Amino acid sequence: QVQVVESGGGLVQSGDSLRLSCAASGGTFSTLTMGWFRQAPGKEREFLATSIWSNNNTYYADSVRGRFTISRNNAKNTVYLQMNSLKPEDTARYYCAAKSLVTGNYDYWGQGTQVTVSS
């Protein structure tokens, strides 16, 4: 059973940067596709970025491409989300998830970390 734990959220001002971390355990991290998502109050969960284990490719949502960067350190079983030029509309709870090799779905989720961007 894969477990993921996010950290690094906080309160920042518009234009600031923040780096989120997600530590995974219980699986072979180097073979896990990892993703970042967020959910703001009253809104649906939104995909942000993914890191594909098999080819090291990364993909981003249009809303964050160019501002957010996903990266991974397989030796530390950790995936990161570097967020630059933060805006108030980036305020949300940010979640890390791992994709199951069996189902192909993001089946393993953390509790999330809150990011609040003040104007």
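These legends go with a set of close-up views of a predicted model.

**View 1. The largest nonpolar core gathers 30 residues.**
Start with Met 34, Trp 36, Leu 81, Met 83 and Tyr 94, the members that touch the most other residues of this core. Then follow the strands that feed the core: S3 (18-25), S4 (34-39), S5 (46-51), S7 (68-73), S8 (78-83), S9 (92-99) and S11 (113-118) each supply at least two of its residues.

**View 2. Four strands form an open sheet in the order S1-S3-S8-S7.**
The pairing in this sheet is antiparallel. Which strands stand at the edges? They are S1 (3-7) and S7, and because each has a single partner strand, one side of each is left without a neighbour in the sheet. On average, neighbouring strands here are turned by 20 degrees against each other, with direction ignored.

**View 3. Strand S1 has side chains that alternate between two faces.**
Val 4 and Glu 6 point to one face and are buried. Gln 3, Val 5 and Ser 7 point to the other face and are not buried. Five bridges hold the antiparallel pairing of S1 with S3. To find your place along this pairing, look for Val 4 opposite Ala 24 of S3, and for Val 5 opposite Ala 23 of S3.

**View 4. Strand S11 pairs with S2 in the parallel sense and with S9 in the antiparallel sense.**
The pairing with S2 runs over four bridges, and in it Gln 13 has Ser 118 of S11 as its bridge partner. The pairing with S9 runs over three bridges; here Arg 93 has Gln 114 of S11 as its bridge partner. The side chains of S11 alternate too: Thr 113, Val 115 and Val 117 point to one face and are buried. Gln 114, Thr 116 and Ser 118 point to the other face and are not buried.

**View 5. Ser 14 sits in the loop between S2 (10-13) and S3.**
Is Ser 14 buried, partly exposed or exposed? With a relative accessible area of 41%, Ser 14 is partly exposed, because values between 20% and 50% fall in that class. Setting aside residues up to four places away in sequence, Ser 14 touches Leu 86, Lys 87, Pro 88, Val 117, Ser 118 and Ser 119. The view also takes in Thr 116, which is 102 residues from Ser 14 along the chain, while their C-alpha atoms are separated by 9.5 Å.

**View 6. Arg 38, Glu 46, Arg 67 and Asp 90 are linked in a network of salt bridges.**
Side chains of opposite charge can pair when their charged atoms come close. Glu 46 pairs with Arg 38, with the closest N and O atoms 2.8 Å apart. Glu 46 is partly exposed at 26% relative accessibility, whereas Arg 38 is buried, with a relative accessible area of 7%. Arg 67 forms a salt bridge with Asp 90, and the closest N and O atoms are again 2.8 Å apart. Arg 67 lies in the loop between S6 (58-60) and S7, and Asp 90 in the loop between S8 and S9, so this pair ties together parts that are 23 residues apart in sequence. Both partners are buried: Arg 67 has a relative accessibility of 13% and Asp 90 one of 1%.

**View 7. Arg 65 and Asp 62 form a salt bridge.**
How far apart are the closest N and O atoms of this pair? The separation is 2.5 Å. Arg 65 is partly exposed, with a relative accessible area of 47%, and Asp 62 is exposed at 66%. The model has four salt bridges in total.

**View 8. Thr 33 lies in the loop between S3 and S4.**
Thr 33 is buried, with a relative accessible area of 7%. A polar atom of the Thr 33 side chain lies 3.5 Å from the backbone nitrogen of Trp 53. Leaving aside neighbours within four places in sequence, the contacts of Thr 33 are Thr 50, Ser 51, Ile 52, Trp 53, Arg 72, Ala 97, Ala 98, Lys 99 and Tyr 106.

Methods
Residues numbered from 1 in each chain as written. Predicted model: local features only at pLDDT ≥ 70, side-chain atom pairs only at ≥ 80, totals over all residues. Heavy atoms only, no water. Core = buried A, V, L, I, M, F, W, Y, C linked by side-chain atoms within 4.5 Å. Buried < 20%, exposed > 50% of the residue type's maximum accessible area, 1.4 Å probe, protein only. Pairing = 2+ DSSP bridges. Axes fitted to C-alpha atoms, helices over the stretch in contact; angles between N-to-C directions. Contact = heavy atoms within 4.5 Å. Salt bridge = Lys/Arg side-chain N within 4 Å of Asp/Glu carboxyl O. Polar contact = N/O pair within 3.5 Å; in protein donor to acceptor, adjacent residues only side chain to side chain.
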